[in-house]
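The following exercises ask the reader to work through a protein chain step by step. Each task is followed by its solution.

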Amino acid sequence: MPGPSPGLHRALLGLWAVLGLGLLGLSAVAQEPFWADLQPRVALVERGGSLWLNCSTNCPRPERGGLETSLRRNGTQRGLRWLARQLVDIREPETQPVCFFRCARRTLQARGLIRTFQRPDRVELVPLPAWQPVGENFTLSCRVPGAGPRGSLTLTLLRGAQELIRRSFAGEPPRARGAVLTATVLARREDHGANFSCRAELDLRPHGLGLFENSSATRELRTFALPPDPPLLAAPRLLEVGSGRLVSCAMDGLFPASEAGVYLALGDQRLSPDITLEGDAFMATATATASAEQEGARQLVCNVTLGGESRETRENVTVYSFPEPLLTLSEPNAPEGKTVTVTCAAGARALVTLDGIPAAVPGQPAQLQLNATENDDRRSFLCDATLEVNGETLSKNESTELRVLYAPRLDDSDCPRSWTWPEGPEQTLRCEARGNPAPSVHCARPDGGAVLALGLLGPITRALAGTYRCTATNVQGQAVKDVTLTVEYAPALDSVGCPERITWLEGTEASLSCVAHGVPPPNVSCVRSGEAGVVEGLLHVVREHAGTYRCEATNARGSAAKNVAVTVEYGPSFEELSCPSNWTWVEGSGRLFSCEVDGKPEPSVVCVGSGGTSEGVLLPLAPPDPGPRAALIPRELAPGTYICNATNQHGSTVKMVSVSAESPPQMDESTCPSHQTWLEGAEAAALACSARGRPSPQVRCSREGTPRTQRLHVSREDAGVYRCLATNTHGTDARIVTVGVEYRPVVAELAASPPGGVRPGGNFTLICRAEAWPPAQISWRAPPGALNIGLSSNNSTLSVAGAVGSHGGEYECAATNAHGRHTRRITVRVAGPWLWVAVGGAAGGAALLAAGAGLAFYVQSTACKKGEYNVQEAESSGEAVCLNGAGAGAGADTGAEGGTEAADTAEAPAGGEVFAIQLTSA
């Protein structure tokens, strides 16, 4: 009996191996020890929070179990092999609860770890000093009490948003709580007004919790700089009672200057200063006014306080009393001849002086007496008092004026006997009299006429000239005086004494004179413009005397000038330059004949034809002064001889003028057609372009773009756009001419489609393409009896549907235009399975077909089966060439005009083969 197969043997071995491994596994499970488990084993709880602990075992039937901890419990849940208990109000930084079970007389334990954390709820920055000197260190201290664990804390001290110092407390014991960060910072000016704060970060993200942040309240730092030197105090050494003096106190190097306090006082009297700041400096100014109670030595104090520190300066000031001196007159207004007493007095300690004479001793008055006269009126007296205070001599003075009453006096210095005033400007007329009281003055003409307005500003006119009597009066008497007033004025040249325009006649005698008005009498002289000599005496008038003369009148009050235009008139005369004897008129130029005649007044000119075509014709003349209304310009002008007559009030004269007419070039459609046609092959000739004009214009034409190649006969390449330019002495004219080249028709292609065979009932198409300009008209000639023939719209395609025997034969295509006619023929045979096609010219093709009427081409070869043959032009070759490339001879690359077709396009009937032969002729 055969044994088990190898595959079954291997399967049994595998089963035994699996059973053996299973038994080994059961043995290992049976020997595994029992355990107790506590979840969570490690926990992090916020201080004061709660937590559920799960205590379990794998002992099948534990005797007892429990959870040992010092923390408060809120509830317990039990099962056979587990215990769950909630711990509340957890505040200890770290505690280790123990889970235990009694199993098979053994105690199973699992120990856990609970730690608490406290958020940084309190972040405190120790208060900063009220003022911190610049350049000195101060301490920043930040406290975060109770926050922890400390090892997860990071404290940062900030100035505004800038971090000054950052410290992490990583590595601290887990039970550690709270943290303090202290830094020493150098105070700067930029720190003034800066806000400092502390930020605490408790990062519990590694324990599965978040990042807790808090910041302290900001504290503002105030820095200051106060120089050690005292302020600069400017004050007077002496101060008079009742008078105010300016005092100032200044200091530089303060920061911030606006925060500085300034105290300014005179003794016990505090002043109210005006403070001006400029950078780190200030200036305090005040007015110090002393009272009588402060007389004597006093101190002026300036105290500057900043940042709790102060600087002070004191100056000594002496307060004194010095009354104004008293000056009195026994009679301030004394009549002439009266005795007057003058007294000068001052304070008890002052020494007085009256007009330079001192008193005997200090405290005593000084006096003088005088007999009042006219010269003492308005006499001033000066009383001067001096007082010595603290080594300095002070002085004050008082003055007064004595008035003496006396009768009026009219002096020549104040009221001259002769007055001379210029006319025109406003003046104040003055005639003043001395006297006290001040006299009133009145000036009038002796005959009771005009009165002078004395003391008032008014214009001076010629009417004021004359003699006046002036009377001065006051309570003491009166004075009388006669005065003469002379009014001077500048010269004047009017049109009566000196006209603006004077006319002289050539050949007569005349003189130039002008009379001027003015006071004093003016001197008048006339000078021609551009010359230096004065015109005087009688002149023999010539044309050169015409022009502008400058007449000037002069006196002591000024001058007047006037231009006098002298015109010299004379009869007319012709000049060749201004009126030529020969003149050419150019058509279209817009110019008229200019004939300017010399004469004054300006002569009138008329030119009239005197023979031939110009007889009696008036020649238009160009106006001497072109104005807005242009002269009428003639379109045609009769040439010939004209007589020009010039006339004015002093005579007339005539001149003969010969006038000829010319014109600029002009081309139009009649002389130079814009479209011209040449015939290909004709003898080459120039464009048919000419121009009208006098003198005869020269015309030249050139093709635009590519220049025309010189050749004997016209070619199609001569077609294009030509620019013709006509030129003579009066200008140019251009014209664009388009040249077209026409040529005779040529039937370029005559082909049958399909090129293979056609059975009876099949379709075929003949295509005729001709080259000609103008385009040729296509016509066909078909074999007799051929019906149902279709033509295209332009006759270029002939089509037959359902070919029959009558459609076989010769077809002729003719192309015709105005320059000739050209034909080509093609023969189509419809007989059995064969289609023979022969193409040839009108003469060569017919001869070739007649010579080979009995010839049948039957080609049975591997090379040309199902192919095409090309019979080249009869006049050059009679070879049949295979067109599909198989067995091609030397003429294979020549190609027929109809092109080639693939061999498999020809249709072959059963039992036969189809070959197409195409004959080409010139």
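**Exercise 1. Locate V608 and describe its surroundings.**

Step 1. V608 belongs to strand β54, which covers residues 604-609. Helices (H or I, at least four residues) and strands (E, at least two) are DSSP runs, numbered from the N terminus.

Step 2. The structure is a predicted model, in which local features need pLDDT of at least 70 and side-chain atom pairs count only at pLDDT 80 or more, while totals for chains, interfaces and linings use all residues. Residues are numbered from 1 along each chain as its sequence is written, and side-chain values use heavy atoms, with hydrogens and water left out.

Step 3. V608 is partly exposed, because its relative accessibility is 31%. Buried means under 20% relative accessible area, exposed over 50%, and partly exposed in between (1.4 Å probe, protein chains only).

Step 4. Together with V606 and L618, V608 forms a nonpolar patch on the surface, with about 240 Å² of accessible area in total. Patches are made of residues with over 30% relative accessible area and no salt bridge; like charges are joined within 9 Å, and nonpolar side chains (Val, Leu, Ile, Met, Phe, Trp, Tyr) within 5 Å. Areas come from the Shrake-Rupley method with a 1.4 Å probe, and for residues only the protein chains shown count as cover.

**Exercise 2. Summarise the chain as a whole.**

Step 1. The secondary structure consists of two helices and 71 strands.

Step 2. Of the 922 residues in the chain, 37% are buried.

Step 3. The accessible surface comes to about 50600 Å², and carbon and sulfur atoms account for 51% of that surface.

Step 4. Contacts (heavy atoms within 4.5 Å) are considered next. Among those between residues at least 6 apart in sequence, 63% join residues at least 24 apart.

**Exercise 3. Trace the pairing of β36 on its way from β33 to β37.**

Step 1. Strands of a sheet pair through backbone hydrogen bonds, either parallel or antiparallel. Here two strands count as paired if DSSP finds at least two bridges between them.

Step 2. Strand β33 (residues 351-354) pairs with strand β36 (residues 379-389) in the antiparallel sense over four bridges. In this pairing L354 stands opposite C383 of β36.

Step 3. β36 is also joined to strand β37 (residues 392-409) by eleven bridges, again in an antiparallel arrangement. The bridge partner of C383 in β37 is E398.

Step 4. β36 and β37 make a hairpin with two residues between them, and N390 in the turn has a positive phi of about 50°.

**Exercise 4. Which strands pair with β29, and in which sense?**

Step 1. Strand β22 (residues 238-240) runs parallel to strand β29 (residues 309-320), and three bridges join them. E240 stands opposite Y320 in β29.

Step 2. Strand β28 (residues 296-306) runs antiparallel to β29, with eleven bridges between them. G296 has V319 of β29 as its bridge partner.

Step 3. A hairpin of β28 and β29 has two residues between the strands; G307 in the turn shows a positive phi of about 65°.

**Exercise 5. Give the strand order of the open sheet that contains β23.**

Step 1. The four strands of this open sheet follow the order β21-β23-β27-β26, with antiparallel pairing.

Step 2. The edge strands, each pairing on one side only, are β21 (232-234) and β26 (274-278).

Step 3. Eight bridges join β23 (residues 244-251) to the antiparallel strand β27 (residues 281-289). Within this pair, C249 stands opposite A284 of β27.

**Exercise 6. Examine the salt bridges.**

Step 1. A salt bridge is a side-chain nitrogen of Lys or Arg within 4 Å of a carboxyl oxygen of Asp or Glu. The whole structure holds 51 of them.

Step 2. One of them joins R41 to D37, with the closest N and O atoms 2.9 Å apart. R41 is partly exposed at 35% relative accessibility.

Step 3. R188 pairs with D191, the closest N and O atoms being 3.1 Å apart. R188 is partly exposed, with a relative accessible area of 32%, whereas D191 is buried at 0%. Both take part in a network of salt bridges that links R159, R188, E190 and D191.

Step 4. R769 forms a salt bridge with E749, with 3.2 Å between the closest N and O atoms. Because R769 lies in strand β62 (residues 764-773) and E749 in strand β61 (residues 731-753), the pair ties together parts that are 20 residues apart in sequence. R769 is partly exposed at 39% relative accessibility.
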